[in-house]
Amino acid sequence: QNEERWDFVLVSDIHEMGSEKEIKRKKFLDELNKKGFTIKKIEDTKLFYGVRAPQHIFWKYQCFLANTNSRQQNSSASQDIPVTTRIRVVHFILQNTVTSDLEKLHDLMKKKVFEAAFPLHKNEEIRQILKKKWARWRVIFKEQPIEEIRCYFGEKVALYFAWLGWYTYLLIFAALAGVATVAAGATVFSSSQVSKEICDANDTIMCPLCDQNCSFWVLSDTCTYAKVTHMIDNEATVVFAMFMAIWATVFLELWKRERATVATDWDLYGWDEEEEELALHLINNSQHEPQLYQHSYFRSTIVLILALLMIMVLIGIAHALVIYRAVAMALFMQSEVSLLSKHADTIAVMTGAVLHYLTIVIMTKVNWHVALFLCNLEKPRTFSQRENNFTVKIFIFQFFTNFSSLIYIAFFLGRINGHPGHYVRIAGHWRLEECHPSGCITDLFIQMAVIMVLKQTISNIMEYLVPWISHQLRKKQKSPRKRSMMLGEEEEAEDPCKRQWLNNYELNEVNVFSLFNEYLEIVIQYSFTTIFVAAFPLAPLLALINNVIEIHMDAIKMMRLRRRMVPRKAKDIGIWLQVLEAIGILAVIGNGLVIAITSDFIPVQVYKYMYSPCTRENHTSMDCSTGYINNSLSVFHIHDFEPHTKVFPEFNGVQIKKCRYRDYRNADDYTYTVQFWHIFAARLAFLILFEHVALCVKLVAAWYIPDVPQKVKNLILKEKHSNLQNELSMTEYSTEV
C-alpha cells in the first residue's frame, strides 16, 4: 500500500523520440531523479508520471520548522507528516526544480512539454467524511466540518470556509433587520402623508419628461411608485443604516476573535510565512541565496499612473451608461409603441441596469489582465507579496466597475440636469435623465435589485454549470483506449494507479487563483450588502440566501468537479481583512450620503420643522408633513420653454399656462429659493453628524470587543512561560554537569 502512495502526477503528450519536447521532459525528470524522487510512468492516450518524494526531504522540513523542544528522531517523524504538508513540499520542489537549460516546470508547461501537474484526490477516509458531511445538498443547514477541510485542503481553504460560514451566520441578523425595515415601511407607508398627497394630486400638472411628443402629466399617476418609495425611504431606514455600520464592525471584530482561536488550535500562532518559504528553498537547494527586498519609486509611479488611467476608463464606462440612459429615454418616449412611451423612464433604468451587469461581466475579464500586468511590473519578491498586490489592484478595479454607475445614480442623477427652459444636454441635443418622479432613491433601488439578483443567480448558475459541463466533456474525450482483443489472448491486468490517475486528470484544473476568485466574489457581495444598503434593505437577505447555496456549491466543486487544490498554510485571511475594513468605512460614508443626498428624509424634516403648518400654529392633531409635496414642487411658465421644445399646451381639454417640477426655485427668475439653501445646509450637517457618530460607534465597538480571546492569550502566556522554564532547567543542569 505504501509503495503506491504518489504525491503528484505530471501529465504530458506522447512526443516523438528525440524531439525537443521529449529531450526537455527527460532533462526535468532526470533532475528529479537526482533529488532522490521515485518516478512511475504509465502510458495511455497521454503519458502519466507519478512522483514520490524521498523521506529525507520531509525530515529536513520537520527539523527546520519544529520547535527546539519537540524535535523528533527520524523514523517516528515520518509517520507524523500530514498529507497536506507532503503535497505542499513536493509542489514547491517541483515548481522550483531547474533543468540544465535553466527552465522550471512553469516554463515547460508554457512550452507544452508538460500539460498538467496535480496532487491526487485519494480514497482516504477523510474524503468520504467530507463527501458525506459537506459536499452534498442535504447538509445545507448543518455546521461545516472545518477540521476535516483543513486536513484535506490545508489551512488556507479551511480559513476561507470558516470565514464564509461566520459571515453567513452573522448575515442572519442583518437580514432580519433589513426585512424588519421593509416591513415597518410596508405597514407605515400606507398611512404616510407624503404618499397620500401624491396619490391625491389629481390637479397637479407636471412638466413634460422629454422635448418631443411628450405631454404634460398628472402627479397622481406615480401613486404606486410613491408608495413603494416610502417603503424604503422612511425614518426606519436611518436607524437601519446606522445598525449596518455597527454590524460591519462587529462582524470583523468577532471574526478576528474566531480566527485567533482557530490559529491557536491549529498551532499556527507563531508560524511565519517567510521562514517557511526560506526553509523550502533550502530543502530544494542548499546553496540557495535569499532574494532581497527591493523598492523602486520609478516602478511604483508607473504602476500608480497606469492604475489611475484604468480607473478613468472604468468611470468613462459609467458615463457611457449615463449617456445610454438619456438617449434611450428620449427614443422610448418618441416610440410608436404605447407600452414603451408610457413606461419610458422605468424601461430605460431597467435596460441600463442589465447593460451595467454586462459591462461588469466583460470588464471583470479585462481588469484581471490589467491587474496581472501591473503586478508583473512591480516584480514582487514572494508569492504571498504578489498575491497581496494583485488583491488590492483587482479589488479597486472591480469596485469601480461595480459601483461607478451606482454612485452616479445615488449622488448625481437629477442634480445636474438643469430645469425646464434651461436643461443640461448631451452634445447639445439629449436631455440628461431626471430622477424618478417619486424620488431618486427609487432609481437606486431598481439598479441595486437588478444587479444583485442577476449577479447572484446568473453567476451561481454559471459557476456550477461550467465546471460540470466541462467535466462531462473531458470524461467523454479522455476515456482510456481499449485494445481489440485477439482470439485466445489473455487480458493483461490494468495498473491500479491508471484508473485513479485518469479519473483525477478528467477533473477540471485548478490554479493559484481558484480560491482567490471565491474570495473576490464574496467581498464584492459584501460591498453591495453594506455600502448602499440604505437604498436596498433587502440586500443582506439576498446575500444570506446566496451564501448558504455558495458554501455547498463550492464544496461540491472542490470535492467532485475539480482536481485537488495544492494545500497552502495560512494563519488568517490575509490582506482581505484590510479590504473588508476599508469597505466598512466606505459603508458609513456611502449610507450617510444616501440618506443625506439621495433620499427625501432631510427635505421632509426641514419642511416639518421650518415651513409646515405646525410651525405657524399649534396643531397637535395635524401631521406636520402636510403640504410637503406642494412645497417641494416649483412653478414653471410655459412661454419660457426652449424654442425647439414641442409641447401641446392643451391637457384634458384645459389650456395650460404653467406646470410643476421637482426643485426649489423661484417662479419669476428660476433662481434657488432660500429653502433650497436651508435643505443644503441640513444635508451637510446631517452627513457630518451621521458619519462622526457612526465612526465613533465603530471605534467603540472595535475597542469593546478584544481581537484575541482571553483564553488564547492565557494559553500563549503559559506556553512561553513553560518554554523559558525548560530552558532554565536545561542551563542549570548543564552548569551542574
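Let me begin where two parts of this chain meet: 22 residues of domain 1 are in contact with 16 residues of domain 2, where contact means heavy atoms within 4.5 Å. What I am showing is a predicted model, in which local features need pLDDT of at least 70 and side-chain atom pairs count only at pLDDT 80 or more, while totals for chains, interfaces and linings use all residues. Residues are numbered from 1 along each chain as its sequence is written, and side-chain values use heavy atoms, with hydrogens and water left out.

To say what those two parts are, domain 1 covers 8-120 and domain 2 is made of 155-287 + 512-727, with bounds that come from an automatic or database domain assignment. Taken over C-alpha atoms, the centres of domain 1 and domain 2 are separated by 49 Å. How much area is buried between domain 1 and domain 2? The figure is about 1800 Å², and carbon and sulfur atoms give 67% of it; buried area here is the accessible area, taken with a 1.4 Å probe, that two parts lose on being put together, summed over both. On the side of domain 1, Phe64, Arg88 and Phe92 supply 33% of the area buried against domain 2, more than any other three residues.

Stepping back to the whole protein chain, we find 26 helices and 14 strands, which are DSSP runs numbered from the N terminus, helices being H or I with at least four residues and strands being E with at least two. The C-alpha trace spans about 100 × 80 × 55 Å along its principal axes. Of the 737 residues in the chain, 50% are buried, and on this scale buried means under 20% relative accessible area, exposed means over 50%, and partly exposed lies in between, with a 1.4 Å probe and protein chains only. Among the contacts with a separation of 6 or more, 79% come from residues 24 or more positions apart. As for charge, the chain carries 78 positive and 77 negative side chains, and the centres of the two sets lie 4 Å apart; Lys and Arg count as positive and Asp and Glu as negative, with His and the chain ends not counted, and each charge is placed at NZ of Lys, CZ of Arg, CG of Asp or CD of Glu.

Let me now turn to single residues, starting with Phe390, which sits in helix H16, residues 383-411. Is Phe390 buried or exposed? Phe390 counts as buried because its relative accessibility is 2%. Once its neighbours within four places in sequence are left aside, Phe390 is in contact with Trp368, Ala371, Leu372, Cys375, Phe513 and Phe516.

Just before H16 comes a loop that follows helix H15 (344-378), and Lys379 lies in that loop. Although Lys379 is not a glycine, its phi is positive, at about 50°. As background, most residues other than glycine have a negative phi. Lys379 is classed as exposed because its relative accessible area is 57%. Leu102 also has a positive phi, of about 60°, without being a glycine, and Leu102 is placed in the loop between helix H4 (83-96) and helix H5 (105-110). With a relative accessibility of 70%, Leu102 counts as exposed.

Further along the chain, Tyr611 lies in helix H22, residues 601-611, and Tyr611 is partly exposed because its relative accessible area is 23%. Apart from neighbours within four places in sequence, Tyr611 is in contact with several residues, including Arg616, Asn631, Val674 and His678. Thr673, in turn, is found in the loop between strand E14 (658-662) and helix H25 (674-704). Which residues does Thr673 touch, not counting those up to four places away in sequence? They are Tyr664, Arg665 and Asn666, and Thr673 is buried, with a relative accessible area of 17%.

I will finish with Lys133, which belongs to helix H6, residues 125-133, and which counts as partly exposed at 46% relative accessibility. Lys133 and Gln144 are 11 residues apart along the chain, and their C-alpha atoms are separated by 7.6 Å. Not counting residues up to four places away in sequence, Lys133 touches Val139, Pro145 and Glu148.
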